[in-house]
Amino acid sequence: MPFFICPNCKERSLDHDGRQGRLDQAGSCQRCGFGFLFELLDDYYPSPNTGLVACDRDGRILASGRGVFELTGFNEADLMGKNVVEVFGLSGFEPDRNPIGLALEWGVRRLGEQIELRSRAGNVKRVTADVFPAYDDDGGLLVALSPRRAR
């Protein structure tokens, strides 16, 4: 049975087809009412301070959930339609090992990627990124960004 997660509130759910029993409309979050759910291959438990970002097949941001503002300082309106790698200044990986690019190109999950992001204030933050490709015809991906503790 497929697992689904709400990019806004991180509520997880199970559904046999992602349509909540309806054939003509994709399911929405029953907890917060967000307009779409993201299908995952396996169940995923993000930490409470993880921010979720849903992107299209070109890596442009479609939605950002709770936790993104707290981590990055960007409001959702500031992010809409922008490239996830560019707007967050994601770095800390070789160009040919970009976890976002690999997930989009090959349709593979990239879990536990240790990268850096640049906040709206220009601060560089160390984060762990989990990247999930979309399994529907629209393509795209879900990016989970979690802060790492300083050592």
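**Exercise 1.** In S8, which residue is the bridge partner of Cys55? Work out how the strands around S8 pair up.

*Solution.* Keep in mind that this is a predicted model.
- Step 1: Start with the pair itself: Cys55 has Leu141 as its bridge partner in S8.
- Step 2: Now zoom out to the strands. S4 covers residues 51-55, and five bridges join S4 to S8. The two run antiparallel.
- Step 3: S8 also pairs with S7: seven bridges join them, again in antiparallel fashion. Along this pairing, Val131 sits opposite Val143 in S8.
- Step 4: Check how covered S8 is. Counting a residue as buried when its relative accessible area is under 20%, six of the seven residues in S8 (141-147) are buried.

**Exercise 2.** Follow S7 to its other neighbour and describe the hairpin there.

*Solution.*
- Step 1: S6 (residues 110-118) and S7 (residues 124-133) run antiparallel, joined by seven bridges.
- Step 2: For a landmark, find Glu116, which stands opposite Arg126 in S7.
- Step 3: Look at the turn: five residues lie between the strands of this hairpin, and Gly122 takes a positive phi near 90 degrees.

**Exercise 3.** Which order do the strands have in the open sheet of three strands?

*Solution.*
- Step 1: The order is S2-S1-S3, with antiparallel pairing.
- Step 2: S2 (12-14) and S3 (38-40) are the edge strands, as each pairs on one side only.
- Step 3: From one strand to the next, the twist averages 35 degrees.
- Step 4: Pick out one pairing: three bridges join S1 (residues 3-5) to S2, and Phe4 has Ser13 in S2 as its bridge partner.

Note on methods
Residues numbered from 1 in each chain as written. Predicted model: local features only at pLDDT ≥ 70, side-chain atom pairs only at ≥ 80, totals over all residues. Heavy atoms only, no water. Pairing = 2+ DSSP bridges. Helix = DSSP H or I, 4+ residues; strand = E, 2+ residues; numbered from the N terminus. Buried < 20%, exposed > 50% of the residue type's maximum accessible area, 1.4 Å probe, protein only. Axes fitted to C-alpha atoms, helices over the stretch in contact; angles between N-to-C directions.
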